[in-house]
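Welcome! Have a look at the sequence and the model below, then work through the exercises at your own pace.

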Amino acid sequence: MTQDPLEIYRRLLLIRECEAQLNDAFAKNRFPGYLHSYLGQEACAVGVCDGLTDSDVIVSNHRGRGHYLAKGMAVKPMMAEMFGKASGVCGGRGGEMHAADPSIGVLGGNGIVGGGLPIAAGAALSAQMDGRGAVAVAFFGEGASNNGSFGETMNVAAAWKLPLFLVCENNLYAEMTPFDQTVAQPDIALRAAGYGMPGEVVDGNDVFAVREAAARAIARARSGEGPTLLELKTYRWGGHFEGDPRKYRTREEEDEWKARCPVARVRKILIDERGIEAAQLTALETQVASEIAEAIVFAIDSPLPEPETALSKVYAA
Amino acid sequence: MANKTFCWAIIDAMREEMERDDSVILIGEDVAAAGGSFGATRGLFDKFGPARVRDTPISEEIIVGLGVGAAMTGRRPIVEIMFIDFLGLCLDQIANQAAKTHYIYDGLFKMPLVIRTSTAVEMGIGPHHSQSWEAIVSHIPGLKVVMPSTPRDAKGLLKAAIRDNNPVVFIEHIALHRVKEEIEDDEFLIPLGKADVKREGRDVTVVATGLMVARALAAAEVLSKEGVEIEVIDPRTISPLDIDTIVESVRKTNRALVVTSSLKQFGLGSEVSAEITERAFFDLDQPVKRLSPPFTPVPFGRQFDEYLNPNADSIVSAVRELMA
Ligand SMILES: Cc1ncc(C[n+]2csc(CCOP(=O)(O)OP(=O)(O)O)c2C)c(N)n1
């Protein structure tokens, strides 16, 4: 775990800038396909991944860039993957919903809601068999918690005490459908008890709170005590995808959540409580912004994979 | 040489591979102390212990998903889905996850996963336990689909499947489980993707899969007495299909019949027939014929299974028509 709150701030900024600049690229018609923005949820990924090492693995969902960056994926090849370019981490064939790097424990994203949960359990089984204290993390939305794969995963993980850390980012909407229309019980974390594991609700916009709760879950998994479900209450600032007119919610609600900005919150703490100069933070912000801008230029300038490459690697040697 | 049942051949294959390679693990419903719903995992729990042989909850999606995640992180899992009819419950993990992971991530992960499942054709156990879904899984790129017809093939193919770096759906006909065959004691593998000529002949190529192979061979005996020699080809691996061996045979015989327990419409027989037509149309003296169950679910009761599936008599009649 990093002790340096400035480093935490840098990671939050990296995701913030990545999402903001991608949204901008999308608005200018420079981004291919869907873009599922992670803007507003930065503290979830950073808080969870801070307690992980390269030997720990994460399985992500369709809204994955925050997870990838927080886990330490190299920015340029990740960005190129988002644009479907040959220089991407997966040669551009994964695209916006799929990026992986096993060397740092990123086992990929998913285009299937709930699809990653059983896979994370399988990775946790491997970790358990290895006996080296590694942990598997599954990131998923509250929408995914209504999929059968969630219940199946929770049950077997608890029954087998798998070193699994289930991270539900509850951003209140599954596509256009508000959470309260599909579930009667507002706290998903409560479901943990029914499966025999601890569940906890945490403010997903408070990176330090997330980090503490995650540290408990990770320690529990590492010591062989089994899985934990963490529910992070948060909000996606944008629509389900960029271009979504967001008719299903009010601008007032959006503004309320933006006032709880996870990035600005840390900035304020750094200045007020740690006495860090605003100028130092501004310098960091400029530096991160240009790192992302360069990555986007790299991605846009990179060539597309040749169409014939679609025929390769259907099977492994 | 030892006389082995198909079922024990399967067990031997898993035991040998688990002895050879610590990363091979077995996961499924009742596979551990119980020894498998069909007895096809007997002794493995005692030998390899609870870490490597695990009973799961009745959660088909997680069973395959555990295999996928474990395969991505260094294991070679064998997972058991009791009946092929249950694949619908875990099709996401099979089709979207296992089959595509190597492809999506540009080769960053291998997927050495074997999904052992059974097909209960001719057992008469009703509409949720009698289906032939080999065509459904064969339609998914990235998966390999294997369907052995003899104990020796079952052993050699399963060992090869366990060593393969791709997800393999391995389909066992439960009706074949008790069939016996002499199997050599020395280790052997049967390569995936290679068809086997089960009987040579000059007049008609009969492509038969799974349970239908023995029936085709029985038909061959009858036809031989009439002076008609059929060549019986068992693809053994349904996907990728060894169409070269099939076409080569058709070039010699100039007639082809495909016999499957896979449904006629959009089925395996349709695929084999279409491939033959595309590649060897001008070698054919007759249109390719298919013998497959008609397009209906399967009711409870053996008599229905018998009525719906091809048998030696219907194969003989179909061959006679082709020779007419
Ligand atoms: C199995 C499946 N059903 C539906 C979809 C379409 N879809 C994509 S994202 C999404 C909403 C997911 O909501 P949630 O899990 O809460 O994640 P969030 O988008 O809020 O981060 C849906 C329905 C899908 N991709 N997969």
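## Exercise 1: An unusual backbone angle

B:Phe266 counts as exposed, at 76% relative accessibility (buried means under 20% relative accessible area, exposed over 50%, partly exposed in between, with a 1.4 Å probe and protein chains only). Before going on, note that this is a predicted model in which local features need pLDDT of at least 70 and side-chain atom pairs count only at pLDDT 80 or more, while totals for chains, interfaces and linings use all residues. Residues are numbered from 1 along each chain as its sequence is written, chains are lettered from A and ligands numbered from 1 in the order in which they are written, and side-chain values use heavy atoms, with hydrogens and water left out.

Task: find where B:Phe266 sits and state its phi.

Solution. Step one: B:Phe266 is in the loop between strand E13 (256-259) and helix H10 (268-280) of chain B. Helices (H or I, at least four residues) and strands (E, at least two) are DSSP runs, numbered from the N terminus. Step two: phi of B:Phe266 is near 55°, a positive value in a residue other than glycine. Step three, for context: most residues other than glycine have a negative phi, and most peptide bonds are trans.

## Exercise 2: A cis peptide bond

Task: say which two residues of chain B the cis peptide bond joins, and where the proline lies.

Solution. Step one: the bond runs between B:Ser239 and B:Pro240, with omega about -5°. Step two: B:Pro240 belongs to the loop between strand E12 (237-239) and helix H9 (243-253) of chain B.

## Exercise 3: Where the chains meet

Task: describe the interface between chain A and chain B.

Solution. Step one, the extent: 43 residues of chain A are in contact (heavy atoms within 4.5 Å) with 41 residues of chain B. Step two, the area: about 3300 Å² is buried between the chains, and carbon and sulfur atoms give 62% of that. Buried area is the accessible area (1.4 Å probe) that two parts lose on being put together, summed over both. Step three, the charges: three salt bridges are counted between the chains. One of them pairs the side chains of B:Asp106 and A:Lys313, at 3.1 Å from N to O. A salt bridge is a side-chain nitrogen of Lys or Arg within 4 Å of a carboxyl oxygen of Asp or Glu. Step four, the helices: on chain A, helix H5 (116-130) and helix H6 (148-159) each supply at least two residues of the side that touches chain B. H5(A) gives the most, with ten residues.

## Exercise 4: Ties within chain A

Task: explain which parts the salt bridge between A:Asp203 and A:Arg265 ties together.

Solution. Step one: the closest N and O atoms of A:Asp203 and A:Arg265 are 2.7 Å apart. Step two: A:Asp203 lies in strand E6 (residues 199-203) and A:Arg265 in helix H10 (residues 262-272) of chain A, so the pair ties together parts 62 residues apart in sequence. Step three: A:Asp203 is partly exposed, with a relative accessible area of 32%, and A:Arg265 is partly exposed as well, at 28%.

## Exercise 5: Around the ligand

Task: which residues are closest to the ligand?

Solution. Step one: 14 residues surround the ligand (a heavy atom within 4 Å), the closest being A:His62, A:Arg63, A:Gly143, A:Asn171 and A:Tyr173. Step two: a polar backbone atom of A:Gly143 is 2.7 Å from an oxygen atom of the ligand. Step three: a polar side-chain atom of A:Asn171 lies 2.8 Å from an oxygen atom of the ligand.

Terms used:
Polar contact = N/O pair within 3.5 Å; in protein donor to acceptor, adjacent residues only side chain to side chain.
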